[in-house]
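I opened this notebook to record what I looked up in the structure. The entries follow the order of my reading.

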Amino acid sequence: MTTCPECGADVTLPDDVETGEILDCATCGAELEVLSTEPVELDVAPELEEDWGE
Amino acid sequence: MNVGVLYSRIRRDEKLLLSELRERGHEVTKVDVRDQQFTLSNAPEGLTDCDVVVDRCLATSRSKYATRFLDHYGVPVVNSAETAALCADKAETSLALSAAGVPTPETTVAFTTDAAMDAIESFGYPCVLKPVVGSWGRLMAKLDSKSAAEAILEHKATLGHYEHKVFYVQEFVEKPGRDIRVVAVDGEPIAGMTRSSDHWLTNAAKGASAEPFEVDDEVAELVARASEAVGGGLLGVDLMETGDGYTVHEVNHTVEFKALDDAVDVDVPAAVVDWLESRVEETATDEQTVEATT
């Protein structure tokens, strides 16, 4: 468990959380990027860019 | 083996891949492409020790350049820089498919709104206007009338980025409410699925529903030829049913496979890792052969 950098609410982490993974804050809906896992550090994820995709 | 994973965002696809690699005991070197600098002489730290680097960049621009630099350093990378360059740009993909004789929708590229309008009128309505770079069905326009075409062309001409002034006009294919996605490695299908929607866009990212698709001989052959046309590798080949056959409308080089993995019984990440292992093994064998003969 850690806190959302956008709204401060608790964010539940998956057991296999990965650096670079995106989590959704269940309270404010912000997309959060996992910057590190030990300790877990979150930041608001970058906005979608035009050339993103597959 | 030591597998480099070049990424900027870990999607479920990357998590599946990382999990499979680690479960098999492979060393994984995760490299966030946003932190890297690519010089003309030295590969970024960590990547030179990799037996293979898997390009999973989310941004097409980064994928194109990063693979090109890795190729320059002699670091084995999948997919190749050549494949990335061809698949990242729809005009390049169309040309590659056409040159290989793979059926693909009729396409015209124009550089001014007037020339694009002429092309649209030649196709008739509906036809389709796509960005040359983009994914997930974004900024795709089905043009149902001349007035709609005029409005969209004007918008594209003022969007700012020069790529929006490369007008990629395509015939509208009357597909049966679905298209087909086949994920393949070097032209060999891993599995296929249909993506169905009431909307004309049937991308999984647009909420289309996925069902397993049994890859028949005709589709398998087209997938093999489309793969070869863009240089092979781990690819998502998209096809539409035309009534009397298939047409290949897209080849994706940083393919997302989570929807396919959910839809079919095949373990897609396991098949991808099988392929990576065999590639690394083949490369090692080739190197030993060269050493033995010199």
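**Chain B: annotation, fold and surface**

I began with the annotation: the unreviewed UniProt entry places the feature "domain: ATP-grasp" at residues 94-277 of chain B. I note that the model is predicted. Over residues 94-277 of chain B, I found 32% helix and 29% strand. The C-alpha atoms at the two ends of that stretch are 31 Å apart.

I then looked up the secondary structure of chain B and counted nine helices and 13 strands.

Next I checked the overall dimensions. The C-alpha trace of chain B spans about 65 × 45 × 35 Å along its principal axes. I compared the radius of gyration of chain B, 20 Å, with the value near 19 Å for a compact globule of 294 residues, and the two agree.

I turned to burial and contacts. Of the 294 residues of chain B, 52% count as buried. Among contacts in chain B with a separation of 6 or more, 68% join residues 24 or more positions apart.

For the surface, I recorded that chain B exposes about 13200 Å², of which carbon and sulfur atoms supply 47%. I also recorded 27 positive and 52 negative side chains in chain B. The centres of these two sets lie 8 Å apart.

Finally, I looked up one residue. B:Thr289 lies in helix α9 of chain B, residues 268-293. Is B:Thr289 buried or exposed? Its relative accessible area is 45%, which lies between the 20% and 50% cut-offs, so I entered B:Thr289 as partly exposed. B:Thr289 and B:Val266 are 23 residues apart in sequence, and their C-alpha atoms are 34 Å apart in space.

Terms used: Residues numbered from 1 in each chain as written. Chains lettered and ligands numbered in written order. Predicted model: local features only at pLDDT ≥ 70, side-chain atom pairs only at ≥ 80, totals over all residues. Heavy atoms only, no water. UniProt positions renumbered as here; feature names shortened; annotations may be inferred. Helix = DSSP H or I, 4+ residues; strand = E, 2+ residues; numbered from the N terminus. Rg over C-alpha atoms; globule rule 2.2 N^0.38 Å. Buried < 20%, exposed > 50% of the residue type's maximum accessible area, 1.4 Å probe, protein only. Contact = heavy atoms within 4.5 Å. Areas by Shrake-Rupley, 256 points an atom, 1.4 Å probe, with all protein chains shown as cover. Lys, Arg positive; Asp, Glu negative; His and termini not counted. Charge placed at Lys NZ, Arg CZ, Asp CG, Glu CD.
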